[in-house]
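Got your viewer open? Load the model and let's walk through it a selection at a time.

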Amino acid sequence: MNNIVVIKLGGIATEKIDESFINQLKDWQNNGKKIVIVHGGGQVINNYLKASSHHTRNINGIRVTAKNDLPIIYNVLVNKVGYQLINRLKLSHLKTNQLKDNMKDLVTADFLNKELYGFVGDVKQINVNLLQDILDSKQIPVIASLGANNEGCWLNINAD
């Protein structure tokens, strides 16, 4: 996997994508680079958790994640932040692939420290073949900061 540019966007950054960013992506593609976008959703997640009366707290800069927070976090990352990002890129005629159905197949993680952080993951493996297939089809994979453990349980991953 050569000539790959990995971009990490925070939730707020996904709302502020401008033409210079889009033009840079297109320039990289025109020069043979393959692009992968990983996005978080920090403040947007916090807002949705708060609106749902879920208490949030951070330890060592990491959001402590209860199991019942995960449906909200998934929804925000995939259906809010990710959806908005995908639409912006598609409006600019960039081919994208938001990993939703096969997301559990892409990122394998284990609990970072379940007692301290709850359902927060530490990435153990990336399915490079799946990612390569998407890149080979000239699409930009857009990946939410989630992973799954060996039992298929979602884990929130700090994308930083």
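Keep in mind that this is a predicted model. Start by selecting helices 1 and 4 (residues 11-15 and 70-91) together with strand 4 (62-63): these are among the elements covering the buried residues of helix 3.

Now pick helix 3 itself, residues 42-51, and show the side chains of Val44, Ile45 and Leu49, its buried residues. They sit on the same side of the helix because they cover an arc of only 135 degrees around its axis. Swing round to the face turned away from that buried side and you'll find Lys50 and Ala51, both exposed. Step just past the end of helix 3 to Ser53, where phi is positive, at about 60 degrees.

Next, select Asp69, in the loop that runs between strand 4 and helix 4. Which side chain of opposite charge is nearest to Asp69? That's Arg63, 7.0 Å away; Asp69 is buried but has no salt bridge. Beyond its neighbours within four places in sequence, show Leu49, His54 and Val64, which Asp69 contacts. Leu49 should look familiar: it is one of the buried residues of helix 3.

Last stop: helix 7, residues 128-136. Color its buried residues, Leu130, Leu131, Gln132, Ile134 and Leu135. Then bring up what they pack against: strands 1 (4-9), 2 (34-39), 5 (96-98), 7 (120-126) and 8 (140-144), plus helix 5 (103-106).

Finish with the two ends of helix 7. At the N-terminal end, Asn127 acts as a cap, with a side-chain oxygen 3.2 Å from the backbone nitrogen of Asn129. Just after the helix, click on Lys138, which has a positive phi of about 65 degrees.

Conventions. Residues numbered from 1 in each chain as written. Predicted model: local features only at pLDDT ≥ 70, side-chain atom pairs only at ≥ 80, totals over all residues. Heavy atoms only, no water. Buried < 20%, exposed > 50% of the residue type's maximum accessible area, 1.4 Å probe, protein only. Helix = DSSP H or I, 4+ residues; strand = E, 2+ residues; numbered from the N terminus. Arc of directions from axis to C-beta. Contact = heavy atoms within 4.5 Å. Lys, Arg positive; Asp, Glu negative; His and termini not counted. Salt bridge = Lys/Arg side-chain N within 4 Å of Asp/Glu carboxyl O. Polar contact = N/O pair within 3.5 Å; in protein donor to acceptor, adjacent residues only side chain to side chain.
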